[in-house]
Amino acid sequence: MEGFEGRVALITGGARGQGRSHAVALAERGADIVLCDRCEDSPAVNYPLATAADLDETAELVRATGRRCLTAKADTADRGAMDALVAEAESEFGRIDIAVANAGVSVAAPVQSLTQEQWSEAIGSNLTGVFNTVGAVAPGMIWRGYGRIVTISSMLGRAGNTNMAAYGASKWGVIGLTKSAALDLAPHGITVNAIAPGNISTPMIHNDALYRMMRPDLEAPGADDVEPVFRSLHAQPVAWLDAFEITRVVLFFAAEGSAHISGTVLPVDAGNAARVTG
Ligand SMILES: NC(=O)c1ccc[n+]([C@@H]2O[C@H](COP(=O)([O-])OP(=O)(O)OC[C@H]3O[C@@H](n4cnc5c(N)ncnc54)[C@H](O)[C@@H]3O)[C@@H](O)[C@H]2O)c1
């Protein structure tokens with residue numbers, strides 16, 4: 001795998017989870033890092049989101065590799081905030097070469113009881129947030145004639161599931177956005193690819209609210225109780241994957257040598273991709 005010396009990478013939702021893994025791995029390979037996270041809970045999301053302390057911790061991990069790190073408390077659903085962050089990063093580091101539109105939330109409820117607030121949160125963070133990230137970085141990338149954009153969809157961006165109307169709609173939308181953006185940006189040396197993760201071991205899936213939804217028969221379900229349920233969502237007999245399995249693909253798409261791979265969706269979902277078309 002080639003290095004990223006001299007490159008600058010923006011990672012949204014970088015305070016913890018998969019975003020932190022991508023940030024540290026890109027820094028270890030030479031990239032300077034720009035991170036944003038909302039660092040605030042949402043009334044529409046029933047598990048805790050990241051904190052300012054989480055974002056600081058990722059920044060420390062990046063700086064420990066010897067690379068520079070710029071952080072911002074910014075909500076990707078806010079286009080003005082994303083434009084301001086990109087302007088600050090370009091002024092400080094001179095460029096953004098790589099953007100990983102990773103920030104997202106999980107909102108789970110049956111469609112008949114899904115509230116407008118839950119719907120707007122899922123579409124705002126997971127779809128509009130990706131659009132805002134792509135829109136904010138694209139002008140500078142076009143000007144420099146170089147860019148690697150990676151979006152994060154989901155295995156629920158290729159299939160439906162109970163309780164997942166809003167989340168699934170947002171993640172199917174990310175794939176449509178990714179493919180269209182890949183075509184718009186193709187003449188400019190910019191690639192746009194999506195990753196469709198399966199169950200990844202982060203706070204998004206390891207939280208009481210989701211555990212209780214998966215095991216309503218138990219009063220206080222733990223990880224062992226939900227393990228078989230998560231395992232059934234994959235084809236291979238594994239319940240959840242480490243975040244670095246997604247990072248490996250981020251590094252692949254972000255590499256200079258991946259110049260002619262664009263508009264693709266790469267599932268990392270323990271074989272579930274074999275069950276769906278596309
Ligand atoms: N964990 C899984 O099983 C799984 C599966 C498929 C796809 N994904 C996707 O992977 C991505 C990363 O999730 P994760 O697993 O690391 O979960 P996570 O909850 O640990 O991390 C998501 C981060 O995004 C931040 N965030 C949420 N909304 C934001 C917004 N509007 N603006 C800025 N920051 C925001 C959160 O504060 C958090 O730090 C998400 O897009 C998620 O939908 C996760």
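Which strands does α5 lie across? To find out, select helix α5, residues 165-185, in this predicted model. Helix α5 lies across β5, β6 and β7, and its direction makes about 165 degrees with that of β6.

**The sheet**

Select next the strands that α5 crosses, and then extend the selection to the whole sheet. Seven strands form an open sheet with parallel pairing, and their order is β3-β2-β1-β4-β5-β6-β7. At its edges are β3 (69-73) and β7, each of which pairs on one side only. On average, neighbouring strands are turned by 15 degrees against each other, direction ignored.

Now restrict the view to β5 (147-152) and β6 (residues 190-197). These two strands run parallel and are joined by six bridges. One residue to label in this region is Ile152, whose bridge partner in β6 is Ile195.

Add helix α4, residues 116-144, to the selection. Helix α4 packs on the sheet and touches β1 (8-12), β4 (98-101), β5 and β6. The direction of α4 makes about 175 degrees with that of β5.

**Helix α2**

Move to helix α2, residues 52-64. This helix has 13 residues and reaches 18 Å from its first C-alpha to its last, close to the 18 Å expected at 1.5 Å a residue.

Which residues of α2 are buried? Select Asp54, Leu55, Thr58, Ala59 and Val62, which are the buried residues of this helix. Turn the view until you look down the axis of α2: the buried residues fall within an arc of 140 degrees, so they line one face of the helix. They pack against α1 (17-28), β2 (32-37) and β3. The face turned away from this buried side carries the exposed residues Ala53 and Ala64. Just after α2, select Gly66, which takes a positive phi of about 95 degrees.

**Two residues with positive phi**

Two further stops concern residues other than glycine. The first is Asn163, in the loop between β5 and α5. The phi of Asn163 is positive, near 70 degrees. With a relative accessible area of 23%, Asn163 is partly exposed.

The second is Ala270, in the segment after β7 (265-268). Its phi is also positive, near 50 degrees. Is Ala270 buried or exposed? Ala270 counts as buried because its relative accessibility is 7%, and buried means under 20%.

**Aromatic pairs**

The tour ends with the aromatic rings, among which there are two pairs. Select Phe230 and Trp240: their ring centres are 5.5 Å apart and their planes stand at 75 degrees, so the pair is edge-to-face. An angle over 60 degrees is what places a pair in that class. Phe230 belongs to helix α7 (residues 223-233), while Trp240 is in the loop between α7 and α8 (244-254), so the pair ties together parts that are ten residues apart in sequence. Phe230 is buried at 2% relative accessibility, whereas Trp240, at 22%, is partly exposed.

Finally, select Phe252 and Phe253. How are the rings of Phe252 and Phe253 arranged? Their centres lie 5.7 Å apart and their planes are at 45 degrees, so the pair is tilted. Phe252 is partly exposed, with a relative accessibility of 35%, whereas Phe253 is buried at 1%.

How values were computed:
Residues are numbered from 1 along each chain as its sequence is written. This is a predicted model: local features need pLDDT of at least 70, side-chain atom pairs count only at pLDDT 80 or more; totals for chains, interfaces and linings use all residues. Side-chain values use heavy atoms; hydrogens and water are left out. Helices (H or I, at least four residues) and strands (E, at least two) are DSSP runs, numbered from the N terminus. Buried means under 20% relative accessible area, exposed over 50%, partly exposed in between (1.4 Å probe, protein chains only). Two strands pair if DSSP finds at least two bridges between them. Axes are lines fitted to C-alpha atoms, for helices over the stretch in contact, and angles run from 0 to 180 degrees between N-to-C directions. Contact means heavy atoms within 4.5 Å. The expected span of a helix is 1.5 Å times one less than its number of residues. The arc is that of the directions from the helix axis to the C-beta atoms. Rings of Phe, Tyr and Trp (its six-membered ring) pair if their centres lie within 6.5 Å; planes under 30 degrees apart count as stacked, over 60 as edge-to-face and the rest as tilted.
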